[in-house]
Amino acid sequence: MKLIASLTTIPRRFEFLKTAIKSVVSQTAYDKVDLFYINVDDNLTEDDYARYESLKEMDPKIRVKKCPAKWRSCNKLLWVMKDHPDDAIICFDDDKNYPRDTIRQNYEMWKKFPECIIAQEINPVVRLERDGNIRIEYRNIADVKFNQLEFGKYLSNGCLFPPHCFDDMVWDYDKMMEVTDGNHDELWFWLCSTLRGVRSIGLDYTFSHSLDSGVCLDVHESNLTNINVRSEIIKSYNDRINEKYGERLNNIVNKIPVEFHLNHSNIFGFAGSLKPINNIFKNFPILLVFDRTIVDSWRYFLGNETSKYEWAWLKFTYREKKQ
């Protein structure tokens, strides 16, 4: 199985793109990457294509790929995935100067959980009752980060996708437009991976790239991020998702638990974070997985702390020893 780096870009961001490429090819684990795709729209000028072809001089792994322009930001992933269905793909944005260990962090977690999507940034998803109906909604806030296996809405930059992680609906352009207006690739990817029953892990290395010095390069007012942070837009997305896919989503998240993997080093911090954890996950099935460093005293302590909150379903188990 190969590991492929991929991003999409537009001509206005060409100078930012060169910085983003430098940050990817200088990664400490770039040797794990087999190919690096720069995906561009199929309606550009020949001069634009010549500029993108010149980027191959920056690294021999770079490939320039023309993609259907109508898919917009989804082009960071879809067509590379179609050409490499059995490979893992790590996606980047064209306007970020990524920290040098980004690939290594994603890759190491993916090797531990090869069926999960691994993200640097993630938004929490909640399950709640409204007007007598169960709804699945995402919140445009930072998630708690204990490297839990969950159905959080990952951000698709600095994000590793394992092969076969999407429902076939991911290729349906009309449905993508119905849900996102073509403005939210990661919402579309999240919907299609959740419908497949694939969980995600939000790594704990950054709270938010937008707050990290020197990472975000472009603050243009037309950026999709500036559209998708608006409360009325978020409500519209959540309404559409629940109207069309709410029952299917609920059935999936209600049978596959959120998993928190705990050891002697993180259990006290986990117990101290039970209030925000309960706020987000109280209506999901939750499995607390102890490793063998969790002795009885820790288990009794955590049992006492969790009993102070109401949970729909919460169980404890020990991780099996590896043979």
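## Exercises on a predicted model

H164 lies in the loop between strand 11 (159–161) and helix 5 (173–180). The structure is a predicted model, and the exercises below begin with this residue.

### Exercise 1. Backbone angles in two loops

**Task.** Determine what is notable about phi at H164 and at R72, and decide whether H164 is buried, partly exposed or exposed.

**Solution.** Begin with the expectation: most residues other than glycine have a negative phi. H164 departs from this, with a positive phi near 60 degrees in a residue other than glycine. Its relative accessible area is 47%, and because partly exposed covers the range between under 20% for buried and over 50% for exposed, H164 counts as partly exposed. Turn next to R72, which is found in the loop between strand 3 (62–67) and helix 3. R72 is not a glycine, yet its phi is positive, at about 50 degrees, and with 41% relative accessibility R72 is likewise placed in the partly exposed class.

### Exercise 2. A hairpin

**Task.** Describe how strand 7 and strand 8 pair, and find which residue in their hairpin takes a positive phi.

**Solution.** Strand 7 (residues 125–130) pairs with strand 8 (residues 133–138) in the antiparallel sense, over six bridges. To fix the register, take V125, which stands opposite Y138 in strand 8. The hairpin leaves two residues between the strands, and D131 takes a positive phi near 55 degrees.

### Exercise 3. The course of helix 8

**Task.** Compare the distance between the end C-alpha atoms of helix 8 with the span of a straight helix, and locate the kink.

**Solution.** Helix 8 (residues 231–253) has 23 residues, for which a straight helix would reach 33 Å at 1.5 Å a residue. In the model the end C-alpha atoms are only 24 Å apart, short of that span. A search along the helix then finds a kink of about 85 degrees, centred on Y245. Y245 itself belongs to the buried residues of helix 8, and so do, among others, R240, I241, N242, G246 and L249.

### Exercise 4. Packing of helix 6 against helix 8

**Task.** Classify the packing of helix 6 and helix 8 from the angle and the distance between their axes, then place L191.

**Solution.** Helix 6 (residues 185–195) and helix 8 pack at an angle of about 25 degrees, with axes 9 Å apart. Because angles under 35 degrees count as roughly parallel, helix 6 is roughly parallel to helix 8. As for handedness, helix 6 passes helix 8 in a left-handed crossing. L191 is found in helix 6, and its relative accessibility of 0% makes it a buried residue. For a view across the chain, consider L191 and P11, which are 180 residues apart in sequence, while their C-alpha atoms are 29 Å apart in space.

### Exercise 5. Two covered strands

**Task.** For strand 14 and for strand 1, work out which residues lie on each side, and name the strands with which strand 14 and strand 1 pair.

**Solution.** In a regular strand the side chains alternate between the two faces of the sheet, so the residues are best sorted by face. In strand 14 (residues 285–290), where six of the six residues are buried, P285, L287 and V289 lie on one side and I286, L288 and F290 on the other. L288, with a relative accessible area of 0%, is one of these buried residues. Its C-alpha atom is separated by 24 Å from that of E129, 159 residues away along the chain.

Strand 14 has parallel neighbours: five bridges link it with strand 13 (residues 258–262), and six bridges join it to strand 15 (residues 313–318). In these pairings, H261 stands opposite V289, and L287 stands opposite K315.

Strand 1 (residues 3–8) can be treated in the same manner, since six of its six residues are buried. L3, A5 and L7 lie on one side, with I4, S6 and T8 on the other. Strand 1 pairs with strand 4 (residues 88–91) in the parallel sense over four bridges, and A5 stands opposite I90 there. Five bridges join strand 1 to strand 2 (residues 35–41), also in parallel, and in strand 2 the bridge partner of T8 is N39.

Methods
Residues numbered from 1 in each chain as written. Predicted model: local features only at pLDDT ≥ 70, side-chain atom pairs only at ≥ 80, totals over all residues. Heavy atoms only, no water. Expected span 1.5 Å × (residues − 1). Bend = angle between axes of the 7 residues up to and from the residue. Buried < 20%, exposed > 50% of the residue type's maximum accessible area, 1.4 Å probe, protein only. Pairing = 2+ DSSP bridges. Axes fitted to C-alpha atoms, helices over the stretch in contact; angles between N-to-C directions. Parallel < 35°, antiparallel > 145°, perpendicular 65-115°, else oblique. Left-handed = near helix turned anticlockwise from the far one by under 90°.
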